[in-house]
Amino acid sequence: MQSQQSIRAAFGSFAVLVVFIAVLSACDMTNTSTTMGVTTTSGNVTIAQIFETAKQTSGYTWYKKSDALIGKTAKSGHSEPFMRTRYNSTAAQMLDASGKVKEGSVFAEGSIITKELINADKSVNGYALLIKRKADPNADADGWVWGYVTATGAERHSLTSKGNGCIGCHSIAGHIDRTLMNVSVP
Ligand code: HEC
């Protein structure tokens, strides 16, 4: 009797494990398009993916290698008093030893640059992202996808506008592949 019970228990755990593995692999298949950040999968990145990506900090390098909050500059295109910018490992290949963007850089496919927009109380109020993703239907002529979301993931600027409303500012003298940190925080 007891051994029958333990066989049943063992089978029960096995069944649970099988279901667990099945769920895991199903997640894995849907992850790339729904819950995780930007991937190399073809198609367009969604606002939800941009939001997930915005919150990822692992493997990123801060501009000038400092996570200190930077006061909004005269040229900043947002209302929050502070900001700071980080680069994923692909984008960080364009940073020099001091953590500034090298002159003449053209960011490679897969580059992600995230600007945190920060309130007076130091909480994050939103994120502006540049994602190099040339085949994305929402990429501009340079291959950048322009993402702008609130701290809770709501779209703050139309993704499908392909950076219309962003690019004008980001084309001022001294821009490097449309990026401006070097211009306003030299
Ligand atoms: C009024 C001009 C202006 C507008 C409009 C603007 N930006 Fe910016 N942006 C800047 C400046 C200047 C910087 C450099 C940091 C700073 O001074 O705030 C910057 C920095 C950034 C960065 C960090 C990378 C870098 O070096 O440029 C990202 C990402 C970014 N902006 C995204 C956006 C997006 C997305 C939009 C449109 C929704 C946008 N910006 C609209 C002026 C602007």
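**Exercise 1.** Is L117 buried or exposed?

*Solution.* Keep in mind that we're working with a predicted model.
- Step 1: Find L117 in the structure; you'll see that strand 4 contains this residue.
- Step 2: Look up the cut-off: a residue counts as buried if 20 or more other C-beta atoms lie within 10 Å of its own.
- Step 3: Compare. L117 has 24 other C-beta atoms within 10 Å, so L117 is buried.

**Exercise 2.** Work out which residues L117 touches, leaving out those up to four places away in sequence.

*Solution.*
- Step 1: Go through the earlier part of the chain, and you'll pick up H78, E80 and M83 among the contacts.
- Step 2: Carry on past L117 to add N125, G126, Y127 and A128.
- Step 3: Try a distance too: V149 sits 32 residues from L117 along the chain, and their C-alpha atoms are 10.0 Å apart.

**Exercise 3.** Describe the largest nonpolar core.

*Solution.*
- Step 1: Count its members: you should get 31 residues.
- Step 2: Pick out the ones with the most contacts inside this core, namely A91, L129 and I131.
- Step 3: See who contributes. At least two core residues come from each of helix 2, strand 3, strand 4, strand 5 and strand 6.
- Step 4: Zoom in on L129. Setting aside residues up to four places away in sequence, L129 touches I50, T53, A54, I112, I113, T114 and G147.

**Exercise 4.** Sort out what surrounds the ligand.

*Solution.*
- Step 1: The shell holds 23 residues, with S76, G77, C166, C169 and S184 the closest.
- Step 2: Strand 5 gives the largest share, three residues.
- Step 3: By class, there are 11 nonpolar, nine polar and three charged residues.

Key. Residues are numbered from 1 along each chain as its sequence is written. This is a predicted model: local features need pLDDT of at least 70, side-chain atom pairs count only at pLDDT 80 or more; totals for chains, interfaces and linings use all residues. A nonpolar core is a set of buried Ala, Val, Leu, Ile, Met, Phe, Trp, Tyr and Cys residues joined through C-beta atoms within 7 Å. A residue is buried if 20 or more other C-beta atoms lie within 10 Å of its own, exposed if 12 or fewer, and partly exposed in between; C-beta atoms are placed from the backbone. Helices (H or I, at least four residues) and strands (E, at least two) are DSSP runs, numbered from the N terminus. Two residues are in contact if their C-beta atoms, placed from the backbone, lie within 7 Å. A residue is near a molecule or strand if its C-beta atom, placed from the backbone, lies within 6 Å of it. Ala, Val, Leu, Ile, Met, Phe, Trp, Tyr, Cys and Pro count as nonpolar, Asp, Glu, Lys and Arg as charged, and the others, Gly among them, as polar.
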